[in-house]
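Good morning. I will talk about empty space inside a protein model, and then about how some helices pack.

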Amino acid sequence: MSHQKPRPSGPMLLWIFALLFLAGAGSPRAIAQRSDRDVLLRFAEFAKRLDALPPTPMGKGHLGHIAPGRSVHLRFPVPRGPVAGYWLHLGNVVAYSGRGAEYQLILHRDAPDGPVVYTGPVIVDGDAWNAQNSRPIDLTSTVAATDRKRGLLDIFVSAKVRGDDWTVYRHNPGRPIFASAAVLTPELQARIAAENGLRRRGIALLPIPRKIAFGQGPAVRFPAETPILLADLAAPELRNAADELRTVVFEHTGVKLPEPKTAATAGTPTIVLRLAGKGETSSRELKEPEGYVLHVRADGAEVVGGGPAGVFYGAVTLAQLVRPTASGAGFQAPVCEIRDRPAFKWRIIQYDIARGQTVNVPYVKRLIRALARCKINTLLFYMEDDFKFRKYPFLGRPGTFTHAKARELSEYAHRFHMQLVPQFESLGHAAAVLRHPQMAPLRENGAAWDFCTMEEGTWRFLDDVYGELVEAFPYSEFIHVGGDEFETAFGKCPKCRQVVAKGGLGELYALHMNRLNQLVEKHGRTTLFWPSHNGPTPALSRMTLQYADKLDKNMIPTEWIYHGPAAYPTVAEYQAAGFKDVFCSPAVVDYSRVWPDYPTTFRGISGFFRWGAKRGCGGAYCTTWEFMHGALIENSMYGLLYAAECSWAPAGTSRDDFDRRFGAWWFGLGPKDATALAKLFYQPVKTADAKDRRADFWRGGRGATHLLWLAPDLVLTDWVLRTPQAVERAQVLADLMDAAVDQVKKTGPRARRHPLTLRAADLAFSMLRYAAHKPLRLNRAAESYSKLPKLDADNRTRISAALRQIAGAFSALSGEAEECARRYRYFVEHCGAYPGDADALDGQASALSKTATRLGALADKAAAGTLRALPSPGAMGLLTGRAVRIGEWSPKTVSEKGAVLRFPLPADLVRGVREIRVSWEYLRGGHGLAIRTCRLVRDGKTVADDRHAGWAGAGTHGNLYTLTPANPVAGGKLEIVGEVRSHGGNNSFGEVWVVIPKSTVR
């Protein structure tokens, strides 16, 4: 996006976003006083949208640059009745470039300097600020009797911004500025009372149903021998629902209900599970196969489903309602009626097994059960080289899918009204498959990234693959064919270039995608695909929308947007293009992070699913990616269950209420423990004081994950020397992870269910604590090493003691790494986690232990008087000095054919230096950089070089080059020169750093 354009907000923001109300019946005044602490309920039918009035800016476009501190006058209608809730929707207020350092929204009423009625949080990211502004702002307590009498409320919007400007998009039908208001009515009071009832009774329904009405009287008591009645004992769908009800009741209360039957003794409570009869389909819930009606009355409980899945979901909801009795005999449930149905037909969770995961059948079954109980009906597996095809036995990594595993899991999931869907990358992103020599003929232009469209062998292969996948996943209605991140390598072979020459890139893209669709339809399935986003040129960008007129419309784009923006306008673009459906695909932002970025996750899931539900999308599809570098799917469960909540009922609830229900349902915790643990999961790096910004550096998880996997001998040179306030920041992380580990351990004994999730969280926080300890301990060790006195007889005892102390720091770190590796292997063995991560932790432990042993040997020699010289700090991984960024590379400067990159080196920086270390650091892009040689050049002449093969990209290795000129560096024109080559394309970005060791300066 241009540096001069404001960050976009949404067209039509969802006024049905949720409204805040009091956790207890009461007057509008009471509701206003307590609304900020309340359950965020879904009262869309009670809320009325109120479009802004002049002098609110009207028309198209935005107001241009607005300097921090200036204000914009907005005016909104106010209803005359008793206002139960009043919210502003200001998604039109956005950052201008989005590249500022801080943003904060401030609202005054009546005048620019009038009373402040809202002060938003300080946010350091422009997209996050836009998304924050799109959320309803509760001004219920601001609306006074005089406002209701006048029928107007004047608001002056201003912003405190550092490093940017802000702007406001004008009000128009496609991009409204509006308020929503709910007037207290009898119907609204009934809804408030129902939600109050859930909280007061400590009931954790997840997802929360659409309609709940609690009856009068005490809870209904069910004895342990309560019969479950089925009209047809032979119907497997009803038996499965009854079995799951019995299982969950036993897990939650210890009561083992008897086997289902068809009749019961009169006068005893019963549980009836049945399909709706012909006369009951007038109910909207029972018109839908997944809808249900649940009654709990004095004579027992009845679940009526619109279809078998509806009976199953109603049975699980009943299981969530039950509580043990005080006496321990039987269980109880409140008198109530629940009417419920899903917002999305397809509620999908994706499990990425392509990054080193193995398919652990018992663990996947646990995942299926857990998600089905929260009404997820599709589990999609992202695969690359992750299936053992009979016709292509060389494919399929060890431990991943086989026909037998896929069939077993598909049959198991079918019992829970869940389908398993395979994804197979069938255009780009196919390197894992195409790297096999047997697949060489199918590579586009010889590069193992894209399948060649014009090679007929491609289509024979994919036909075979789809045939086997359909056999292995028999209940899937879909095949996901991939279809993104192909653009850079696309259309380069001679035969493909001929098509492009005649019809353009769009012709080749459409030919490939339509032929994929024809193959999928041949095998009786519907095509899901990732639409094209950004490519290296305009013609290779947004290809799905750009060439939509050429594409079959009976395949479904799964639109992927993960960062949680304020708006999702491309949904309407795909719909306008004529595709039969669009699936909304946010993510649990867990990819290659030890702990997921949950603020971005929750913002993205709630925003995208609300947007899609409003526009009639059929699929809510939450992705996960890259379970490696310490990422475990178990640590994504908090986000996956939030996706389950929002895909069933996207209007959602407040995060506080979800946290209570998540902790109660998943762990069996009381409200206080549940909320505290979920808050820790949401943001473990949040400091107690909102004004304390020291933890900001660690938010999002990337920095801490990078530090964790940084080789011990590079921690000082590649992190401490380059990162401002590195040691102070590491101490903040260590303190926060100490607190996180303590909280998990204290909460654990009170959790009655899913100890595996707590075990995974404890491991993640322990790994991040180890990451923080690395720079802390190694920096102290480096300072001690640099202060060692001169080697002579008088100092040998002091030197020996100091060396042993330094060795102790390495030993302690080695022990931490070894313990993390041991605990990680449990997840490798029992959950299918990536074994390479455990190996990498063991590798760090071994490297640290070897250095500790070496230091111990030096200490022995020092004590014995036989140590002649100390190794250099760099040789011990204890380098001190300076790190300076001298340049960068980008797609404009690198090439697959090779390039020579030159970076000026300030003479004053290296004057008198005898050693220079050069580090090539990959930042982003689809392609890495191979480095052949790195040289120090003075006045055009090479004075030092290091020739070895290095790689900066995924799996970076050998990217550090040591230059040691024969004489100390003097003046002249100095350059660092590298001979490099990009691979697979030139979409590569990175930085070049030099490290000047302190001990090498004369």
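What follows is a short tour of one helix pair and one cavity.

This is a predicted model, in which local features need pLDDT of at least 70, side-chain atom pairs count only at pLDDT 80 or more, and totals for chains, interfaces and linings use all residues. Residues are numbered from 1 along each chain as its sequence is written, and side-chain values use heavy atoms, without hydrogens and water.

Helices first. They are DSSP runs of H or I, at least four residues, numbered from the N terminus. The axes of helix 22 (residues 726–747) and helix 23 (residues 755–786) come within 8 Å and cross at roughly 155°. Axes are lines fitted to C-alpha atoms over the stretch in contact, with angles from 0 to 180 degrees between N-to-C directions. Helix 22 is therefore roughly antiparallel to helix 23, a term for angles over 145 degrees.

Contact means heavy atoms within 4.5 Å. Among the residues that meet are Val727 and Leu733 in helix 22, and Phe765 and Arg769 in helix 23. The contact residues divide into 14 nonpolar, 4 polar and 4 charged. Here Ala, Val, Leu, Ile, Met, Phe, Trp, Tyr, Cys and Pro are nonpolar, Asp, Glu, Lys and Arg charged, and the others, Gly among them, polar.

Now the cavity. A cavity is a set of points on a 1 Å grid over the protein atoms alone where a 1.4 Å probe fits but cannot get out; lining residues have an atom within 4 Å of a point. There are 5 cavities of 30 Å³ or more. The second largest holds about 50 Å³, volume being the space filled by probe spheres set on the points. Its lining includes Tyr351, Glu634 and Phe827.

Technical notes:
On a 1 Å grid over the protein atoms alone, a cavity is a set of points where a 1.4 Å probe fits but cannot get out, and a pocket is an open set with protein on both sides within 12 Å along at least five of seven lines; lining residues have an atom within 4 Å of a point. Helices (H or I, at least four residues) and strands (E, at least two) are DSSP runs, numbered from the N terminus. Angles under 35 degrees count as roughly parallel, over 145 as roughly antiparallel, 65 to 115 as roughly perpendicular and the rest as oblique.
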